[in-house]
Amino acid sequence: MNERMYDFEDLEDYVLERMSEPDRAAFESAMEADESLRRRVEALRKEKEVLYYLRRVVWKEKMAAWRAEQLRVEIPPATPNRDRRRAIWLLIMALGAVLIFIWLWYFRFQGSVVQEPGLPAPESQAVEPDTPVQLPPANAELNKLPPPAASQAGVLPENWRKWGDRAYSTLLEKDVLMGATPERDMADSILTLAAQNRLDDAFRLAYSLDTTQSAAQLHLAHIAFLKGDHAAAARWYGRLKDNPGNARFRLDAQLDEIACYIYLLPESAPVLLKLMRPVMEQPEAFGLSGSRLDAFEQVWKRLNKIE
Amino acid sequence: MLDATLLSDLKSFDRRRRDAALRSLLNDAGLRTAVHAKTRLYDRRDGRYDAIFEEAFADAIIDFYEKIDQYDPEKSAIRSTIVRFARINFYTAYRGEQRLEARHRKANENAAANKNPENAFVENDRYVRALEILSHLGETCKTLLLMWYENFSFDEVARSLGRPSPDAAKQATYKCREKLNSFLVARPDITQNF
């Protein structure tokens, strides 16, 4: 049998074992003689395997096309859960950061949000801190005092400075802020500005009040003290002491005035001698005791020596 | 789409229904998310494993389709089965990729040390060979052969491809098979690794 007589169906019959035994033997002998027939049979045996792989390839190409089509349609593309969780966490963290910022901002400017009336027209002493405080003439003698001498601050014991720094905060304990709501708000604003070390603004705000009233005088005196302008502070304490409406804090004002003049030694020695005499004669009547009394006595002895 | 509907569509000999079912699985966002969750390496989201993921996912669907006669809906849901297949495919491909990278790295190192054209790394995989066969067969033969391979009736083949009768479809299929056979005989290198 010639190999040319075998067509594709014969090959398939042989591979699928559908040939009779004599035909099969003849086919196999033809295959031995004909290399190309043998290769055709081998290729046919591979056919299913090849088609299996071809089908996968075709499907994958088809699926890639479907997917590309789907991606064009999908807006936005599907996000995996993990990304979504990450986005939610980032959002929460951002919100937290904003809340913390707002919280800090609120406490930073808490004083500012309290009713703060329009500041008065620029006063020279308020706008320019270096300019000496200009006060209305109250006591000609005191106004003649020279400017404060910074070098003299050292003559005071350290606890005096602490006492001066604390003085303003004790206003609250002394119930000075009693009064109508607007007054209390104003006092709050001034205290807050002072606490923020915005002393010039605090001074301007206090100066916008009625300076014949004891509350305004107390504010101005303490702010001047905190600013280190002891001469101005002494003058405001003097006015407060002489204020007929200030029966309650007269003795405190007198002691504070003395303290300010102590900062201004030795130039303030004559005034100080005059002011301290009644105090040192009856210290207990002024509530003077402890370390403060000791400091006053030291100063008093020095003054008497100078004299 | 419900599992029962999917299953009947996939088992159907209506190509449109089957393709629609495969397509719905491929674009099922919930299924993709489940596969993402099982292939955490992919979650680095650097795009490096996008191709591997897509390939593994498509392979899993095809694997499922090929084994659909063995699938028992009582034992597991269709999507769970596909997720399991995809996970295996992904990590197999991932490890293969790692090995391939290592080989490339080594080849590059060797090439840098001793430049020799004979040392060049040549990859002629089955995919390339399959594309070669497909391009030789042409679109009509490709469709005919695959439908025959998938045991579609000649009546269905005739209707799908607009042949006048099932016999005409049968003759056309045989001619295509002969064409494929001739090509494989002429190119033994292609069949060697199949």
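**Exercise 1. Is Ser268(A) buried or exposed, and at what relative accessibility?**

Solution. Some ground rules come before the steps. This is a predicted model, where local features need pLDDT of at least 70, side-chain atom pairs count only at pLDDT 80 or more, and totals for chains, interfaces and linings use all residues. Residues are numbered from 1 along each chain as its sequence is written, chains are lettered from A and ligands numbered from 1 in the order in which they are written, and side-chain values use heavy atoms, with hydrogens and water left out.

- Step 1: find the residue. Ser268(A) sits in the loop between α14 and α15 of chain A. Helices (H or I, at least four residues) and strands (E, at least two) are DSSP runs, numbered from the N terminus.
- Step 2: fix the cut-offs. Buried means under 20% relative accessible area, exposed over 50%, and partly exposed in between (1.4 Å probe, protein chains only).
- Step 3: read the value. Ser268(A) has 1% relative accessibility, so it counts as buried.
- Step 4: place it in space. Ser268(A) and Ile258(A) are 10 residues apart along the chain, and their C-alpha atoms are separated by 9.8 Å.

**Exercise 2. Work out whether two more loop residues, Gly245(A) and Ser12(B), are buried or exposed.**

Solution.

- Step 1: Gly245(A) belongs to the loop between α13 and α14 of chain A. Its relative accessibility is 63%, so Gly245(A) is exposed.
- Step 2: look across the fold from there. Thr212(A) is 33 residues from Gly245(A) in sequence, with 9.2 Å between the C-alpha atoms.
- Step 3: Ser12(B) is in the loop between α1 and α2 (15–26) of chain B. Ser12(B) comes out as buried because its relative accessibility is 13%.
- Step 4: check its partners. Setting aside neighbours within four places in sequence, Ser12(B) is in contact (heavy atoms within 4.5 Å) with Arg17(B) and Arg18(B).

**Exercise 3. Set out the make-up of the two chains.**

Solution. Take the rows one by one.

| Property | Chain A | Chain B |
|---|---|---|
| Helices and strands | 16 helices, 0 strands | 10 helices, 0 strands |
| Buried residues | 40% of 307 | 41% of 194 |
| Of contacts at least 6 apart in sequence, share at least 24 apart | 60% | 61% |
| Accessible surface | about 17,600 Å² | about 11,000 Å² |
| Share of that surface from carbon and sulfur atoms | 55% | 48% |

The areas come from the Shrake-Rupley method with a 1.4 Å probe, and for residues only the protein chains shown count as cover.

**Exercise 4. Which residues touch the most other members of the largest nonpolar core?**

Solution.

- Step 1: define it. A nonpolar core is a set of buried Ala, Val, Leu, Ile, Met, Phe, Trp, Tyr and Cys residues joined through side-chain atoms within 4.5 Å.
- Step 2: pick the hubs. The largest core has 47 residues, and Ile258(A), Leu272(A), Met276(A), Val279(A), Phe296(A) and Leu303(A) touch the most other members.
- Step 3: assign the helices. In chain A, α10 (181–195), α11 (199–207), α12 (214–227), α13 (230–242), α14 (250–263), α15 (269–281) and α16 (290–306) each supply at least two residues. The most comes from α15(A), which gives 8 residues.
- Step 4: zoom in on one hub. Beyond residues up to four places away in sequence, Met276(A) touches Ile258(A), Phe296(A), Val299(A), Trp300(A) and Leu303(A).
- Step 5: don't miss the other one. A second, separate core of 33 residues includes Trp66(A), Leu7(B), Leu31(B) and Ala56(B).

**Exercise 5. Which cysteines does a disulfide join, and what is its S to S distance?**

Solution.

- Step 1: search. With a disulfide taken as a pair of cysteine sulfur atoms within 2.5 Å, the whole structure has 1 over all chains.
- Step 2: name the pair. Cys141(B) is joined to Cys176(B), S to S 2.1 Å.
- Step 3: trace the link. It ties together distant parts of the chain, with Cys141(B) in α7 (residues 139–149) and Cys176(B) in α9 (residues 166–186) of chain B, 35 residues apart.
- Step 4: get the handedness. The S-S torsion of Cys141(B) and Cys176(B) is about -80°, so the disulfide is left-handed.
- Step 5: check burial. Both Cys141(B) and Cys176(B) are buried.
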